[in-house]
Amino acid sequence: MKFIIQREQLMQSVQDVMKAISSRTTIPILTGMKLEVSEEGVKLTGSDSDISIESFIPQEEDGIVYVENIDPGSIVLQAKYFPDIVRKLPQNTVEIESDNHRNVTIRSGNAEFHLNGQDPEEYPQLPQLHTEDSFELPIDLLKNLIRQTVFAVSTSETRPILTGVHVRMENGELEFIATDSHRLASRKIPLDQPEGKNLPPVVIPGKSLTELNKILDDSEDTIEVSVTENQVLFRTKHLYFLSRLLEGNYPETSRLIPEQSKTIVKIDTKELLQSVDRASLLAKENRNNVVRLVTKENNHLEITGNSPEVGNVVEEVTADDVNGEDLKISFSAKYMMDALKAVDYDQVKVEFTGAMRPFLIRPVDDEQILQLILPVRTY
């Protein structure tokens with residue numbers, strides 16, 4: 001095997017597939033990165049058996065040659081050393097070759113590294129998903145869906161199913177839902193699909209989606225999403241991202257969402273976010289950073305944070321509109337701030353159903369984004 005490649009392209013692909021490689025895997029060969037070279041280009045693969053990532057560098061694209069002097073072959077390189085070597089090479093081009101004894105030579109400028117490779121035949125084959133259950137959407141839209149929901153997944157392993165995002169597609173709508181049982185984030189988008197085409201609902205690990213989000217560049221291009229019983233595949237032009245799915249039934253979350261509300265507050269998103277942020281500065285002591293909100297007359301809200309040993313903070317915020325019953329409610333500042341950051345609109349409406357009931361946050365003009373938070377008892 002032998003080829004010469006542009007270092008920048010190689011580095012980018014190496015960084016992407018590294019996101020799937022774990023040093024704590026039970027299968028030794030998976031601590032390595034697989035390199036396959038063909039006349040079409042170079043393919044790198046990394047996997048920890050939960051997530052697998054393939055990145056492809058074409059031999060040439062849009063008239064730019066990325067890979068030349070190709071002698072096809074494959075090898076597995078130690079992921080602990082290879083990325084650092086590539087990052088620190090002196091020149092913009094890299095020559096990589098391996099002999100019949102799996103000795104790999106990496107040259108760039110006057111630097112020459114020798115690495116012991118491993119047998120590519122031992123590397124597990126990635127499953128090629130063949131499924132009718134697939135759909136396409138723009139990459140930047142998928143990134144938004146992930147960003148607006150994934151933060152609400154549970155980090156505790158007591159209910160593993162809640163560490164994932166529930167994805168379902170029915171009646172021409174795609175919906176992402178995440179909850180850790182104290183809060184919930186959901187986002188729907190309309191999706192052009194053939195009449196009557198529904199996907200089986202799946203639960204994708206939050207960790208997988210977070211990694212996918214880091215790898216994908218913001219672009220207008222589309223990404224294809226395919227699901228089978230136990231895996232989901234995200235595929236773009238040069239990237240293949242495979243993740244296992246979580247097993248089990250996701251709880252029915254629609255029951256959590258209150259039908260009617262008693263108090264509705266319409267307010268500038270940024271203003272509420274910054275105010276809650278300030279109130280949380282002196283609410284650090286109790287682990288939830290509990291902040292209290294009280295409605296006043298003339299559309300005023302009083303937001304307070306306090307911890308007896310430290311001090312307290314009181315701030316009045318003017319809402320655009322406060323409608324309904326008077327209210328005093330306490331909630332986690334962190335949850336509120338996460339939710340407001342995910343909304344992406346200048347104005348939100350917050351719908352309360354009493355001091356002890358979950359409340360909803362949505363954009364004023366968009367029913368597709370929904371954040372729900374359970375209040376905190378304080379007495």
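**Figure 1. The largest cavity and its lining.** The largest cavity encloses about 80 Å³ of space. The model shown here and in the other views is predicted. In total, the structure holds 2 cavities of 30 Å³ or more. The lining of the largest cavity is made by 14 residues. Phe135, Val167, Ile204, Val225 and Val227 are the ones closest to its centre. Four strands each give two or more residues to this lining: S13 (164-170), S16 (199-205), S17 (222-227) and S18 (231-235). Strand S16 gives the most, with 4 residues.

**Figure 2. The largest pocket.** About 610 Å³ of space lies in the largest pocket. Its lining counts 23 residues. Closest to the pocket centre are Asp16, Phe56, Asp217, Thr236 and His238. Helix H1 (7-18) supplies at least two lining residues, and strand S4 (51-58) also supplies at least two.

**Figure 3. The largest nonpolar core.** This core holds 65 residues. Which of them touch the most other members? They are Phe3, Phe82, Leu137, Leu174 and Phe234. Domain 1 (2-122) and domain 2 (137-223) both give residues to the core, so the core lies between them. A second, separate core has 29 residues, including Val291, Leu301, Tyr335 and Val348. As a rule, nonpolar side chains in soluble globular proteins tend to be buried together.

**Figure 4. Contacts of Phe234.** Phe234 is one of the core residues that touch the most other members. Neighbours within four places in sequence are left out of this view. Phe234 is then in contact with Leu142, Ile204, Leu209, Leu212 and Ile223. Glu224, Val225, Leu239, Tyr240 and Phe241 are also in contact with Phe234. Two of these partners, Ile204 and Val225, are also among the residues closest to the centre of the largest cavity.

**Figure 5. Helix H4.** Helix H4 spans residues 206-215 and is mostly covered. Of its 10 residues, 7 are buried. These are Gly206, Ser208, Leu209, Glu211, Leu212, Asn213 and Ile215. Leu209 and Leu212 are in contact with Phe234.

**Figure 6. Glu175 in strand S14.** Glu175 sits in strand S14, which covers residues 173-179. Is Glu175 buried or exposed? Its relative accessibility is 10%, so Glu175 counts as buried; the cut-off for buried is under 20%. Beyond its neighbours within four places in sequence, Glu175 is in contact with His166, Val167 and Arg168. Ser186, Arg187 and Lys188 are further contacts of Glu175. Val167 is also among the residues closest to the centre of the largest cavity.

**Figure 7. Thr222 in strand S17.** Thr222 belongs to strand S17. At 42% relative accessibility, Thr222 counts as partly exposed. Residues up to four places away in sequence are set aside here. Thr222 then touches Glu136, Leu137, Pro138, Ile139 and Thr236. Thr236 is also one of the residues closest to the centre of the largest pocket. Thr222 and Leu141 are 81 residues apart in sequence, yet their C-alpha atoms are 9.2 Å apart in space.

**Figure 8. Two loop residues with positive phi.** Neither residue in this view is a glycine. Arg102 has a phi near 60°. Its loop runs between strand S9 (93-98) and strand S10 (103-108). With a relative accessible area of 35%, Arg102 is partly exposed. Asn298 has a phi of about 55°. Its loop joins strand S21 (290-295) and strand S22 (300-307). Asn298 is exposed, with a relative accessible area of 65%.

**Figure 9. Domains and annotated spans.** The protein is divided into domain 1 (2-122), domain 2 (137-223) and domain 3 (257-373). The C-alpha centres of domain 1 and domain 3 lie 50 Å apart. An unreviewed UniProt entry places "domain: DNA polymerase III beta sliding clamp N-terminal" at residues 1-127. That span is 14% helix and 47% strand, and its end C-alpha atoms lie 25 Å apart. The UniProt annotation "domain: DNA polymerase III beta sliding clamp central", also from an unreviewed entry, covers residues 137-252. Residues 137-252 are 16% helix and 41% strand, with end C-alpha atoms 26 Å apart.

Technical notes. Residues numbered from 1 in each chain as written. Predicted model: local features only at pLDDT ≥ 70, side-chain atom pairs only at ≥ 80, totals over all residues. Heavy atoms only, no water. UniProt positions renumbered as here; feature names shortened; annotations may be inferred. Domains from an automatic or database assignment. Core = buried A, V, L, I, M, F, W, Y, C linked by side-chain atoms within 4.5 Å. Buried < 20%, exposed > 50% of the residue type's maximum accessible area, 1.4 Å probe, protein only. Contact = heavy atoms within 4.5 Å. 1 Å grid on protein atoms, 1.4 Å probe; cavity = no way out; pocket = protein on both sides within 12 Å on 5 of 7 lines; lining within 4 Å. Points joined across faces, edges and corners; volume = space filled by probe spheres on them.
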